[in-house]
Amino acid sequence: MDDPKATISIENVVASTGIAQELDLQSVAMDLEGADYDPEQFPGLVYRTQNPKSAALIFRSGKVVCTGAKSTADVHEALHLVFDELRALDIPIEDDPEITVQNIVTSADLGEDLNLNAIAIGLGLENIEYEPEQFPGLVYRLDDPDVVALLFGSGKLVITGGKKPEDAEAAVDTIVEQLDELGLLA
């Protein structure tokens, strides 16, 4: 079996920051080219960056959530672009606001089909949710790292809840090790 860690791909990085002041989103939306603001649909202003591709959700409180980036470097770069755009509107923002990665969603491939029924029984029901009539994947809550993995019969995995890219590698190692011990990997 090839190393499943080599198949890990970051699908989405979500990070948050703040600009330490309340904003008049209606005014910002009128001045910030490309901003979408429809308070009846969503309470925040949506500002998309193209390079790197992401969406910044800017709230009246000054909180900013960035989503859609494909790496932690991209999420930082995208937020710095947003900060520069807001500074250009004469909104004072400190030089280097703290950016906190909230969630990294990754995908991986174990390279072989999985028997999800056997895995659900083998791993024990306390950390597993598996209701194939509701959702085709098995939900596995790991303690270390503190992530949630979705396992699919195809051998594909989605890992969410990580704070750093290494969390996905540790999760894949743990899952492979446990499935090996149970004799559920060829």
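## Helix α3

In this predicted model, helix α3 has four buried residues to look at: Leu116, Ile119, Ala120 and Leu123. Measured as directions around the axis, they take up an arc of only 100 degrees, which puts them on the same side of α3. An α-helix has 3.6 residues a turn, so residues three or four places apart point the same way. The cover over these buried residues of α3 includes β6, β7, β8 and α4.

Both ends of the helix are worth a visit too. At the start of α3, Asn115 brings a side-chain oxygen to within 3.1 Å of the backbone nitrogen of Asn117. Just after α3 comes Gly124, with a positive phi of about 90 degrees.

## Helix α4

Next, on to α4, which runs over residues 165–181. Its 17 residues, at 1.5 Å a residue, should span 24 Å, and the end C-alpha atoms are 25 Å apart, which agrees. The buried residues in α4 are Asp167, Ala168, Ala171, Val172, Ile175, Val176 and Leu179. Because they cover an arc of only 165 degrees around the axis, they sit on the same side of α4.

What covers that buried set? Among the elements doing so are the strands β5 (100–109), β7 (138–141), β8 (148–151) and β9 (156–162), together with helix α3 (116–123). Just after α4, Gly183 adopts a positive phi of about 70 degrees.

## An aromatic pair between loops

How many aromatic pairs does the structure hold? There are two. Phe135 and Phe152 form one that is edge-to-face, with 5.8 Å from centre to centre and 65 degrees between the planes. This pair links distant parts of the chain, as its members are 17 residues apart. Phe135 lies in the loop between β6 (128–129) and β7, while Phe152 lies in the loop between β8 and β9.

Is Phe135 buried or partly exposed? Its relative accessibility is 36%, so Phe135 counts as partly exposed.

## Ser54 in strand β3

Our last stop is Ser54, a residue of strand β3 (residues 53–58). Ser54 has a relative accessibility of 7%, and therefore counts as buried; the cut-off for buried is under 20%.

Which side chain does the side chain of Ser54 meet in a polar contact? The partner is Thr49, at 2.7 Å. Thr49 also appears in the wider set of contacts of Ser54, which leaves aside neighbours within four places in sequence. The others in that set are Tyr47, Arg48, Cys66, Thr67, Gly68, Ala69 and Ala78.

Terms used: Residues are numbered from 1 along each chain as its sequence is written. This is a predicted model: local features need pLDDT of at least 70, side-chain atom pairs count only at pLDDT 80 or more; totals for chains, interfaces and linings use all residues. Side-chain values use heavy atoms; hydrogens and water are left out. Helices (H or I, at least four residues) and strands (E, at least two) are DSSP runs, numbered from the N terminus. Buried means under 20% relative accessible area, exposed over 50%, partly exposed in between (1.4 Å probe, protein chains only). A polar contact is a pair of N or O atoms within 3.5 Å; within protein, one must be able to donate a hydrogen and the other to accept it, and residues adjacent in sequence count only if both atoms are side-chain atoms. Contact means heavy atoms within 4.5 Å. The expected span of a helix is 1.5 Å times one less than its number of residues. The arc is that of the directions from the helix axis to the C-beta atoms. Rings of Phe, Tyr and Trp (its six-membered ring) pair if their centres lie within 6.5 Å; planes under 30 degrees apart count as stacked, over 60 as edge-to-face and the rest as tilted.
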